[in-house]
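Good morning, and thank you for joining this session. I would like to take you through one protein chain, beginning with a single residue and then widening the view.

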Amino acid sequence: MEQPELLYMTVLKTNPDKTQSLEQINLYDVDFIETEKRRIVYHIGKDTYYQIASKAELDEFLIPKGFDPLDRPNLVNLGKIRKFDEDYGKVYFVENPDSKSKSATVAKIKYQFIKKLLYKIVSHNNDTMQEVKVESSTKLKSIWKGLFENQ
(Lines give C-alpha, C1' and ligand atoms only; values in the text may rest on other atoms or scores of the structure.)
Protein backbone atom coordinates (compact mmCIF):
# COMPACT_ATOMS: atom_id res chain seq x y z
CA MET A 1 0.00 0.00 0.00
CA GLU A 2 1.39 3.40 -0.95
CA GLN A 3 1.80 5.87 1.90
CA PRO A 4 0.20 9.22 0.98
CA GLU A 5 2.39 11.47 3.14
CA LEU A 6 4.92 11.47 5.94
CA LEU A 7 3.46 11.97 9.40
CA TYR A 8 6.28 12.79 11.79
CA MET A 9 5.86 13.15 15.52
CA THR A 10 8.34 14.09 18.22
CA VAL A 11 8.28 11.57 21.06
CA LEU A 12 10.35 10.39 24.02
CA LYS A 13 12.40 7.23 23.67
CA THR A 14 13.60 5.39 26.76
CA ASN A 15 17.12 4.18 26.08
CA PRO A 16 18.66 0.93 27.41
CA ASP A 17 20.49 2.93 30.11
CA LYS A 18 17.09 4.33 31.27
CA THR A 19 17.82 7.85 30.01
CA GLN A 20 15.35 9.48 27.65
CA SER A 21 15.91 11.25 24.38
CA LEU A 22 13.75 13.20 21.96
CA GLU A 23 13.19 11.34 18.70
CA GLN A 24 11.12 11.84 15.59
CA ILE A 25 9.09 8.93 14.34
CA ASN A 26 7.07 8.52 11.19
CA LEU A 27 3.61 7.32 12.20
CA TYR A 28 3.55 5.00 9.18
CA ASP A 29 6.44 3.08 10.79
CA VAL A 30 4.39 2.41 13.95
CA ASP A 31 3.39 -1.22 14.46
CA PHE A 32 0.78 -0.38 17.07
CA ILE A 33 -0.26 2.28 19.57
CA GLU A 34 -1.54 1.65 23.08
CA THR A 35 -2.09 3.47 26.34
CA GLU A 36 -0.08 2.70 29.42
CA LYS A 37 -0.95 4.48 32.66
CA ARG A 38 -2.79 7.16 30.65
CA ARG A 39 0.20 7.76 28.34
CA ILE A 40 0.14 7.04 24.64
CA VAL A 41 2.83 4.54 23.67
CA TYR A 42 4.07 3.89 20.12
CA HIS A 43 5.74 0.59 19.23
CA ILE A 44 8.09 0.29 16.27
CA GLY A 45 9.86 -3.05 16.06
CA LYS A 46 11.62 -3.60 19.39
CA ASP A 47 11.56 0.11 20.30
CA THR A 48 9.01 1.89 22.47
CA TYR A 49 8.25 5.61 22.30
CA TYR A 50 6.11 7.74 24.59
CA GLN A 51 3.93 10.72 23.78
CA ILE A 52 5.32 13.88 25.35
CA ALA A 53 2.86 14.42 28.17
CA SER A 54 3.92 17.67 29.84
CA LYS A 55 5.77 20.93 29.38
CA ALA A 56 8.17 19.76 32.10
CA GLU A 57 9.27 16.92 29.81
CA LEU A 58 9.97 19.42 27.04
CA ASP A 59 11.78 21.74 29.49
CA GLU A 60 14.30 19.02 30.27
CA PHE A 61 15.33 18.69 26.62
CA LEU A 62 14.83 22.20 25.25
CA ILE A 63 16.21 24.51 27.94
CA PRO A 64 19.80 23.42 27.14
CA LYS A 65 19.01 24.14 23.46
CA GLY A 66 18.21 27.85 23.86
CA PHE A 67 14.61 27.75 25.06
CA ASP A 68 13.58 29.38 28.33
CA PRO A 69 10.41 29.33 30.42
CA LEU A 70 9.98 33.11 30.53
CA ASP A 71 6.65 32.57 32.27
CA ARG A 72 5.00 29.52 33.81
CA PRO A 73 2.83 28.54 30.80
CA ASN A 74 5.46 29.00 28.08
CA LEU A 75 8.79 27.79 26.77
CA VAL A 76 10.26 30.39 24.43
CA ASN A 77 12.86 29.88 21.70
CA LEU A 78 15.23 32.72 22.60
CA GLY A 79 16.70 32.65 19.10
CA LYS A 80 13.36 33.79 17.66
CA ILE A 81 12.70 36.81 19.91
CA ARG A 82 12.76 40.08 17.94
CA LYS A 83 11.27 42.53 20.44
CA PHE A 84 10.86 42.79 24.20
CA ASP A 85 8.08 45.06 25.45
CA GLU A 86 8.94 45.73 29.05
CA ASP A 87 5.76 47.77 29.66
CA TYR A 88 3.46 44.87 28.77
CA GLY A 89 5.79 42.04 29.77
CA LYS A 90 5.83 40.39 26.36
CA VAL A 91 8.34 39.18 23.82
CA TYR A 92 7.52 39.21 20.12
CA PHE A 93 8.87 37.23 17.20
CA VAL A 94 8.83 40.13 14.72
CA GLU A 95 10.72 43.42 15.00
CA ASN A 96 7.68 45.64 14.59
CA PRO A 97 4.74 43.86 16.18
CA ASP A 98 1.15 44.91 15.62
CA SER A 99 -2.07 43.86 17.32
CA LYS A 100 -2.08 40.55 15.40
CA SER A 101 1.51 39.59 16.21
CA LYS A 102 2.07 36.52 18.33
CA SER A 103 3.74 37.06 21.66
CA ALA A 104 4.77 35.22 24.80
CA THR A 105 4.60 36.63 28.30
CA VAL A 106 7.52 37.27 30.62
CA ALA A 107 6.87 36.77 34.32
CA LYS A 108 7.09 40.09 36.14
CA ILE A 109 9.28 38.48 38.79
CA LYS A 110 11.88 37.69 36.09
CA TYR A 111 12.16 41.23 34.69
CA GLN A 112 15.14 42.40 36.74
CA PHE A 113 16.85 39.05 36.37
CA ILE A 114 16.54 38.68 32.62
CA LYS A 115 15.76 42.15 31.21
CA LYS A 116 19.32 42.97 30.11
CA LEU A 117 19.72 39.54 28.55
CA LEU A 118 16.45 39.88 26.61
CA TYR A 119 17.56 43.23 25.17
CA LYS A 120 20.89 41.66 24.12
CA ILE A 121 19.08 38.70 22.55
CA VAL A 122 16.79 41.06 20.61
CA SER A 123 19.82 43.03 19.45
CA HIS A 124 21.59 39.86 18.33
CA ASN A 125 18.53 38.39 16.60
CA ASN A 126 17.91 41.65 14.72
CA ASP A 127 21.55 41.90 13.62
CA THR A 128 22.03 45.15 15.53
CA MET A 129 24.49 43.43 17.82
CA GLN A 130 25.78 45.54 20.63
CA GLU A 131 28.74 44.39 22.70
CA VAL A 132 27.72 41.22 24.49
CA LYS A 133 28.97 40.69 28.00
CA VAL A 134 27.51 37.63 29.66
CA GLU A 135 26.21 38.35 33.13
CA SER A 136 27.88 36.57 36.02
CA SER A 137 24.84 34.54 37.01
CA THR A 138 25.14 30.82 36.27
CA LYS A 139 21.53 30.81 34.97
CA LEU A 140 22.24 33.66 32.53
CA LYS A 141 25.45 32.00 31.33
CA SER A 142 23.50 28.78 30.74
CA ILE A 143 20.79 30.59 28.75
CA TRP A 144 23.34 32.50 26.67
CA LYS A 145 25.37 29.35 25.98
CA GLY A 146 22.25 27.37 24.97
CA LEU A 147 21.14 30.15 22.66
CA PHE A 148 24.33 30.38 20.64
CA GLU A 149 25.55 26.77 20.73
CA ASN A 150 22.53 25.61 18.73
CA GLN A 151 22.61 28.00 15.80
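Let us start with Ser21, which lies in strand β2. Please bear in mind that the model is a predicted one. Is Ser21 buried or exposed? Its relative accessible area is 18%, and the cut-off for a buried residue is under 20%, so Ser21 counts as buried. Its side chain makes a polar contact of 3.2 Å with the side chain of Glu23. If we set aside the neighbours within four places in sequence, Ser21 is in contact with Val11, Leu12, Lys13, Asn15 and Phe61.

I turn next to the sheet that holds this strand. Five strands form an open sheet in the order β2-β1-β5-β4-β3, and their pairing is antiparallel. Why do β2 and β3 each have one side without a neighbour in the sheet? Strands β2, residues 20-26, and β3, residues 32-36, stand at the edges with a single partner strand each, so one side of each is left free of a neighbour there. From one strand to the next, the twist averages 40°.

At the β3 edge, β3 pairs with β4, residues 39-44, in the antiparallel sense over 5 bridges. Within this pairing, Thr35 has Ile40 of β4 as its bridge partner. Helix α1, residues 55-62, packs on the sheet and touches β1, β2, β4 and β5. The direction of α1 makes about 105° with that of β2.

Which residues of α1 are buried? They are Glu57, Asp59, Phe61 and Leu62. The buried residues of this helix pack against β1, β2, β4, β5 and also β6, residues 67-68. Phe61 has already appeared in this talk, as one of the contacts of Ser21.

Two loop residues in this part of the chain deserve a remark on backbone geometry. Lys18, in the loop between β1 and β2, has a phi near 75°, which is positive although the residue is not glycine. Lys18 counts as exposed, at 68% relative accessibility. Arg38 sits in the loop between β3 and β4. Its phi is near 70°, again a positive value in a residue other than glycine, and Arg38 is exposed with a relative accessible area of 86%.

Now to the nonpolar cores. The largest has 14 residues, and those with the most contacts inside it are Leu70, Ile81, Val91, Val106 and Leu118. Helix α2, residues 111-125, gives the most to this core, with 6 residues. What does Ile81 touch, not counting residues up to four places away in sequence? Its contacts are Leu70, Val76, Val91, Tyr92, Phe93, Leu118, Ile121, Val122 and Asn125. Apart from this core lies another, of 6 residues, including Ile25, Val30, Tyr42 and Ile44.

Let me close with the chain as a whole. It contains 3 helices and 10 strands, which run β-β-β-β-β-α-β-β-β-β-β-α-α from the N terminus on. Of its 151 residues, 35% count as buried. The accessible surface of the chain comes to about 10300 Å², and carbon and sulfur atoms account for 50% of that area. Among contacts with a separation of 6 or more, 37% are between residues 24 or more positions apart. I would be glad to take questions.

Definitions and conventions. Residues numbered from 1 in each chain as written. Predicted model: local features only at pLDDT ≥ 70, side-chain atom pairs only at ≥ 80, totals over all residues. Heavy atoms only, no water. Pairing = 2+ DSSP bridges. Helix = DSSP H or I, 4+ residues; strand = E, 2+ residues; numbered from the N terminus. Axes fitted to C-alpha atoms, helices over the stretch in contact; angles between N-to-C directions. Contact = heavy atoms within 4.5 Å. Buried < 20%, exposed > 50% of the residue type's maximum accessible area, 1.4 Å probe, protein only. Areas by Shrake-Rupley, 256 points an atom, 1.4 Å probe, with all protein chains shown as cover. Polar contact = N/O pair within 3.5 Å; in protein donor to acceptor, adjacent residues only side chain to side chain. Core = buried A, V, L, I, M, F, W, Y, C linked by side-chain atoms within 4.5 Å.
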